[in-house]
Amino acid sequence: DAGGLYQVGSFPSWNRWAEWNGKYRDDLRSFLKGDGGLAEVVAARIAGSQDLYDPKFRGNNASVNFITCHDGFTLMDMYSYNTKHNEQNGWYNTDGADDNRSWNCGVEGETHNAEVIALRKKLVKNAMAVLLCSRGTPMVLQGDEFCNTQYGNNNPYCQDSEVSWLDWGMIEKNRDIFDFFKFMTALRKKHSILRKKLSPSSFGFPDISFHGENAWSLNKSYDNRTVGVMFAGSENGEEDIVFIAVNAFWEEKNIEMPQLPTQYSWSLVVDTGAHDTEKCMANAKNPLATVSKMLKVNARSVAILTAHKL
């Protein structure tokens, strides 16, 4: 954006440069807090923003995907504040960006309300689940993995205080979030299909496909807030199929899953809508559930499934 120009996707890369994808940040922030009219564009962002970065010329990693960075709210603050609170910076709260696309979940700032805290943590998990399942290069803001807060300050460059410091003791306080970040990082590492196009799937599935409440059909209407993206391919003779379902609506939704060959089933590996933290993530010995045709995704939740051979 040198010289005031917003050139995301049109930077002359010469096949050497990757770009911070500001449109990924903005579109995902808006969609994940429940804004309408974004289902189609969010599906494209998860799929690698090929509308911005043609893979024929830019490869699979030109898009640096992020939801938070050193400028702006932390991930926890994004779900704790509706507006910036930069009064301590000395500019009467006039500095820092006003376009934050944040939501305080009903209470501005710190709270002891257990329901609000649980919702905020779920939204943090949603953001990380989507980010780590998106094609491109993911970028995570240090401290988001344990819910670091800047107390609503979105421009703390001039602060040498608790506002800008990292409190590493928060890892123990928010161990569930820290463990979820580690789980999602390992999941991305395990499934190459999330990072790049593989050999064609023997199931006949395309590399990337979009879905909604009906399989193979994404509802592009303004009111739809449910998106399914499936990545499919094979590597070393093994199928690698991952389906991510994002329900940003405030009520649960039923999603029809693409039909797998008879010797395979869908295995639920992430469910951010689970009330029990341990039931949010699968482990090697205990998949969360096996899904055949219909998947129930709780309100404001993300579910991730993989194709499992019986």
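Modeller: Before we look at this predicted model, one cut-off is needed: a residue is called buried under 20% relative accessible area and exposed over 50%.

Colleague: How should I apply that to N236, and is N236 buried or exposed?

Modeller: N236 has a relative accessible area of 76%, and because this is over 50%, N236 is exposed. Its place is in the loop between β5 and β6.

Colleague: What is the phi of N236, and how do I read such a value?

Modeller: The general idea is that most residues other than glycine have a negative phi. In this structure N236, although not a glycine, has a positive phi of about 55°. C147 is another case to look at, with a positive phi near 65° in a residue other than glycine.

Colleague: Where is C147 found, and is C147 buried or exposed?

Modeller: C147 is found in the loop between β3 (137–138) and α6, and its relative accessible area of 4% is under the 20% cut-off, so C147 is buried.

Colleague: Which residues does N174 contact, leaving aside its neighbours within four places in sequence?

Modeller: With those neighbours left aside, N174 is in contact with C147, and also with K121 and F146. N174 is found in the loop between α6 (170–173) and α7 (175–190), and it counts as buried because its relative accessibility is 5%.

Colleague: Turning to the sheet, what is the order of its strands, and how are they paired?

Modeller: To read a sheet, one follows the strands from neighbour to neighbour. Here the sheet is open and has six strands in the order β4-β5-β6-β11-β8-β9, with antiparallel pairing. The edge strands, each of which pairs on one side only, are β4 (208–211) and β9 (289–291). On average, neighbouring strands of this sheet are turned by 25° against each other, with direction ignored.

Colleague: How many bridges join β4 to β5?

Modeller: Four bridges join β4 to β5 (residues 226–235), and the two strands run antiparallel; one of the residues to look for is H211, whose bridge partner in β5 is G228.

Colleague: Which strands do α5 and α7 touch?

Modeller: Helix α5 (residues 114–132) packs on the sheet and touches β6 (238–247) and β11 (301–309), its direction making about 45° with that of β11. Helix α7 also packs on the sheet, where it touches β8 (264–271) and β11, and its direction makes about 145° with that of β8.

Colleague: Finally, which residues make the nonpolar surface patch?

Modeller: F11, W14 and W17 make a nonpolar surface patch of about 390 Å². Within this patch, W14 is found in the segment before β1 (19–20), and W14 counts as exposed because its relative accessibility is 59%.

Definitions and conventions
Residues numbered from 1 in each chain as written. Predicted model: local features only at pLDDT ≥ 70, side-chain atom pairs only at ≥ 80, totals over all residues. Heavy atoms only, no water. Buried < 20%, exposed > 50% of the residue type's maximum accessible area, 1.4 Å probe, protein only. Contact = heavy atoms within 4.5 Å. Patch = residues over 30% accessible without salt bridge, like charges linked within 9 Å, V, L, I, M, F, W, Y side chains within 5 Å. Areas by Shrake-Rupley, 256 points an atom, 1.4 Å probe, with all protein chains shown as cover. Salt bridge = Lys/Arg side-chain N within 4 Å of Asp/Glu carboxyl O. Pairing = 2+ DSSP bridges. Axes fitted to C-alpha atoms, helices over the stretch in contact; angles between N-to-C directions.
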